[in-house]
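Trainee: Could you take me on a close look at the empty space inside this protein? I'd like to know what lines it, and then where the strands around there lead.

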Amino acid sequence: MAIEVAPIPLPPTADATKFKDFGREVKGVNPGALSEEQFKEIHDLLYQHSLLLFRDVNLTPEQQYALTKAFDPSSENYGHGNNKTEADKKSILHPDLKTIPRVPQVQLIGNGTVYNHEGLAEAVLKHPSHTTFHKTQVSAEDTEKGYTRFYRWHIDAALYNLSPPRVTTLYAKLVPQGPHQTVRYDDGTGDELEVPLGTTAFVSGKTMFDILPPELKSVAVRGRVKYSPHPYVWMAPAHALSTGLGIMSEGLEMPDDQLPPWEEEKIKVYPITWKNPVTGELHFQVHPCGVRELFVDPLPEGAKREGALFPDGAHLTDLKEVRELLYKMQRPAIAPPLVYPHDWRENDLVLFHNRGVLHSVVGAFKKDQIRAFHQCNLAASDEPAGPTPEDVRKYA
């Protein structure tokens, strides 16, 4: 049976003109048993559309690991490491992950207590809540009315020592039912977004780049960001913005001498834009919470200097300045019409191009709302490619 593709079902809040190429539902194929030819087609579809949805899938952890690994056959380890170091225990990610014992590359995430699940006699799962991470919170009264927030916009990546995974696979085993919630941005804009309970929200890194004005496109193609060593430990004492798109500059980050041991050569410095290996397009791919510094190369020879930002290049080390510039560049792309909030059903499998989108956990569950998902991403065997000299000349 031939592989069929259809557009993903967009919510009425989405601007369909911005989602023409984003997301496809794949039919007529079993993602747990793809032939070589079928996988090649799925591989290219993912890079072309950033997100693929398979409905009513039966997938073992072994099959999910094999599918994820097929996108990067030399990869082996879970994208954030082995969960056995002191760094992991202090990380803000530590409470959210439970490992499937026989396939340690696959994580069990969700909410509530699940029993006798893939070799785990009992697993207590906790849906990440903005109340533990944001500077301000939605009141208990408003939470009861269904108001919530994005938790943290991010790329799945350790951002220290390990390379960002190419692909993440998310498989829904148990999906609690409940009324929709309303995401409040609480940033003075009045922006709100109605979302399904416990959605995963996605935005396109390509769109994030495409909608920038020319002077910021120029910075994006000339820029690189430097992440903190052990960024999830570093950011743990700090507070996030109400949009989940970065950290408040309050000086609360963990000092370097209190971080777990680290080495300068393992710190990651990445281009702001990453080049899609199939389409050649640029995706704005920055995890705003973990960035420490920003480098901008000088304009290339012959480029127009009038109106250009940092025409002679720059090295920004003031954390507040770095964050404010990145926020200015990234915030337009999380506006409600540009967000795809996936409406999960049990046995949905979603593959997303982790080097081409940002995503966020959303919402809040009650303790008795049981949610169980399998997540897999693998630290890549290579680093993301940045803009070519031709790209820089085109946009600078």
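Mentor: Let's start with the open space, go on to the closed spaces, and finish with two sheets. This is a predicted model, so to speak of local features we need pLDDT of at least 70, side-chain atom pairs count only at pLDDT 80 or more, and totals for chains, interfaces and linings use all residues. Residues are numbered from 1 along each chain as its sequence is written, and side-chain values use heavy atoms, with hydrogens and water left out.

First, the open space. A pocket here is an open set of points on a 1 Å grid over the protein atoms alone, with protein on both sides within 12 Å along at least five of seven lines; a cavity is a set of points where a 1.4 Å probe fits but cannot get out, and lining residues have an atom within 4 Å of a point. Volumes are the space filled by probe spheres set on the points, which are joined across faces, edges and corners.

The largest pocket comes out at about 640 Å³. Its lining runs to 28 residues, and Thr143, Ala364, Phe365, Lys366 and Gln369 are the ones nearest the centre. Two or more lining residues come from each of β5 (106–117), β6 (120–125), α4 (140–144) and β7 (147–148); these labels are DSSP runs numbered from the N terminus, with helices (H or I) of at least four residues and strands (E) of at least two. The largest share is α4's, with 3 residues. Sorted by class, the pocket lining has 8 nonpolar, 15 polar and 5 charged residues. For that sorting, Ala, Val, Leu, Ile, Met, Phe, Trp, Tyr, Cys and Pro are nonpolar, Asp, Glu, Lys and Arg are charged, and the others, Gly among them, are polar.

Now the closed spaces. Counting those of 30 Å³ or more, you get 2 cavities. The largest cavity holds about 420 Å³. It has 30 lining residues, with Ile109, Pro128, His154, Val361 and Gln375 nearest its centre. The elements giving two or more residues to this lining are β5, β8 (167–174), β20 (357–361) and β21 (371–377). So what gives the most here? That's β21, whose 4 residues make up the largest share. The class split for the largest cavity is 12 nonpolar, 13 polar and 5 charged. Notice that β5 turns up in the lists for both the largest pocket and the largest cavity.

The second largest cavity has about 50 Å³ of space. Around it sit Thr68, Phe71, Asp72, Ser75, Pro165, Arg166, Val167, Leu378 and Ala380. That lining sorts into 5 nonpolar, 2 polar and 2 charged residues.

Next, follow β7 out of the pocket lining. It belongs to an open sheet of 3 strands, ordered β7-β9-β10, with mixed pairing. β7 and β10 (192–195) are the edge strands, each with a single partner, so one side of each has no neighbour in the sheet. β7 and β9 (residues 181–184) run parallel, joined by 2 bridges; strands count as paired if DSSP finds at least two bridges between them. In that pair, Thr148 faces Val183 of β9.

For contrast, have a look at the second sheet. It is also open, with 4 strands in the order β13-β12-β16-β17, and its pairing is antiparallel. β13 (269–271) and β17 (314–316) take the edges, each with a single partner strand, so one side of each is left without a neighbour. Walk across from β13: β12 (residues 223–227) is joined to β13 by 3 antiparallel bridges, and Lys226 stands opposite Val269 there. Then β12 meets β16 over 5 antiparallel bridges, with Tyr227 opposite Val291. β16 (residues 291–296) is mostly covered, since 5 of its 6 residues are buried. Buried means under 20% relative accessible area, exposed means over 50%, and partly exposed is in between, using a 1.4 Å probe and protein chains only. On to the far edge, 3 bridges tie β16 to β17 in the antiparallel sense, and Leu294 sits opposite Leu316.
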